[in-house]
Protein chains: 2
Amino acid sequence: MTKQILVVNDDGITAPGILALISIASKFGEVTVVAPDKPQSGMGHAISVNSTIRINPVKIEGVKQAFACSGTPVDCVKMAVNILFKGKKPDLIVSGINHGANHSINVIYSGTMSAAMEGAIENIPSIGFSLLDYSIDADFSASKIYAEKIIKHALQHGIPAYTCLNVNIPKMENEYIKGIKVCRQAMANWEEEFDERIDPTGKPYYWLTGKFVNYDKGEDTDVWALENNFVSVVPVQPDVTSHKSINELKKIENV
Amino acid sequence: MTKQILVVNDDGITAPGILALISIASKFGEVTVVAPDKPQSGMGHAISVNSTIRINPVKIEGVKQAFACSGTPVDCVKMAVNILFKGKKPDLIVSGINHGANHSINVIYSGTMSAAMEGAIENIPSIGFSLLDYSIDADFSASKIYAEKIIKHALQHGIPAYTCLNVNIPKMENEYIKGIKVCRQAMANWEEEFDERIDPTGKPYYWLTGKFVNYDKGEDTDVWALENNFVSVVPVQPDVTSHKSINELKKIENV
């Protein structure tokens, strides 16, 4: 039977990255696209609880059905699964290809990865793809080769239950990429540097900026893999319990 | 030296829950409040990357400094740490008290818990508190008793590094609460039921609604603890790697 594949992203339905991903997903089945009608980078796992959501049909060549959604990336997945697929789950959700890195701690902030995480919560095989190039003119040719390999493998062999994949692709031509590494998320962070400006009435406002800092010297991390010209694949789960801390904390039961 | 405590939430700076938390935090040190200027429930780990952020001073009795922030709960933490504390980390971040449950999968969607998670990413001891009562008239008296016990313990004994606590309090009077249980996050989900309506021009729009379903029968979960009249405490970490899946996925390196 024809596979049903949902394509989402966080850069919005007009981003070149989603067109690259649609072109690959279409090789494996019937594609439905539900993507934000505006850029939704950094939206994390936000959902619309205080506002309404709309979806409007758009035309994308070679695609069964495509919709621009007024909500967040996670809203897109929820709307697609419930309204378009009517609760009958798609065979695969692919998110991206994001314009920019989503390795290490970025997975927490990323709308691309939160859409994939929402798929994992629904136990739908889900993969988020990100290219380490923020440019609107980013070259997705190597990304498409690896997206095809990884989607093919996922459809043939499955993905562990209630898990999604976080795939990052280094910014280089395919001949320089050394292959794929399955990794853990590097322990890293952003050192924020707010850019303070003054508006025409004399009041301050701020832009969030920052510098990425990797504290993690492990050679089994996604940051290490990418710095060494590998495509990184991190299995990601919605359980954020720090299981190793449970015993240490037990003494709080006696306060 | 006087402890520096940052109080945040996601229900907004006028919510009764944050006033309850401020009254407790004030017993332990000097309180700074940075909270959203409007409700930000369900914002997850969203940050403002495509828009500017403003903070405006407000007056709250007994508080050193308080600001209403135009951004998300995570923006509030980033702004406080970088602009107000100037990178010198507070001794403790407390988030809430949320009007409504943030147990199990809700931790992923919750602005309250994402603010605490942002503290964990910065390795600042951080605790999110939620009362299982959505009402604006919720009775926070038992919550305050447990918030005081848990804050006191956290300041005396610390919290595991790069970890925050997700504290949920059952909706009942203090005499019926049996104590505290340290738990793991229950595996649960929301079954969405979008409420479709028609606008005055004849076009559809949607409200996200849903029914909470707990699939997890374990007696070591937060849902079990709350159903059995305990306050639940789950240690939460920003590492979402599914470590147990890494080996299973290794074969994808050969595609």
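A nonpolar core is a set of buried Ala, Val, Leu, Ile, Met, Phe, Trp, Tyr and Cys residues joined through C-beta atoms within 7 Å. Keep that in mind as we walk through this predicted model.

**Stop 1: the core**

Select A:Val7, A:Leu21 and A:Val34, then add B:Val7, B:Leu21 and B:Val34. In the largest nonpolar core, which has 156 residues, these six touch the most other members. In soluble globular proteins, nonpolar side chains tend to be buried together.

Now centre the view on A:Val34. Which residues is A:Val34 in contact with, leaving aside its neighbours within four places in sequence? Its partners are A:Leu6, A:Val8, A:Ile55, A:Phe67, A:Cys69, A:Cys76, A:Met79, A:Ala80 and A:Leu84.

**Stop 2: two chains together**

Colour chain A and chain B separately. Chain A gives 61 residues to the contact, and chain B gives 61 residues too. On the side of chain A that touches chain B, 32 residues are nonpolar, 19 are polar and 10 are charged.

How is one copy placed on the other? Chain A is superposed on chain B by a rotation of 180° with 0.0 Å of shift along its axis, at an RMSD of 0.0 Å. The two copies are therefore related as by a two-fold rotation axis. Both copies use the same surface, as 100% of the contact residues of chain A recur in chain B.

**Stop 3: B:Tyr109**

Next, select B:Tyr109, which sits in helix α3 (residues 106–109) of chain B. Is B:Tyr109 buried or exposed? Count its surroundings: 24 other C-beta atoms lie within 10 Å, and 20 or more make a residue buried, so B:Tyr109 is buried.

Leaving aside neighbours within four places in sequence, B:Tyr109 is in contact with A:His45 and A:Ile47 from chain A, and with B:Gly42 and B:Gly44 from chain B. Add B:Lys211 as well: it is 102 residues from B:Tyr109 along the chain, and their C-alpha atoms are separated by 15 Å.

**Stop 4: helix α5 of chain B**

Finally, show residues 141–157 of chain B. At 1.5 Å a residue, the 17 residues of this helix should span 24 Å, and its end C-alpha atoms are 25 Å apart, which agrees.

Highlight the buried residues of α5(B): B:Ser143, B:Tyr146, B:Ala147, B:Ile150, B:Ile151, B:His153 and B:Ala154. They cover an arc of only 165° around the axis, so they are on the same side of α5(B). An α-helix has 3.6 residues a turn, so residues three or four places apart point the same way.

Turn to the other side of α5(B), where B:Ser141 and B:Gln156 are exposed. The buried residues pack against α1, β5, β6, β7 and β13 of chain B. Just after α5(B) comes B:Gly158, with a positive phi near 75°.

How values were computed. Residues numbered from 1 in each chain as written. Chains lettered and ligands numbered in written order. Predicted model: local features only at pLDDT ≥ 70, side-chain atom pairs only at ≥ 80, totals over all residues. Contact = placed C-beta atoms within 7 Å. Nonpolar A, V, L, I, M, F, W, Y, C, P; charged D, E, K, R; others polar. Buried ≥ 20, exposed ≤ 12 C-beta atoms within 10 Å, placed from the backbone. Least-squares fit on C-alpha atoms with pLDDT ≥ 70 in both. Helix = DSSP H or I, 4+ residues; strand = E, 2+ residues; numbered from the N terminus. Expected span 1.5 Å × (residues − 1). Arc of directions from axis to C-beta.
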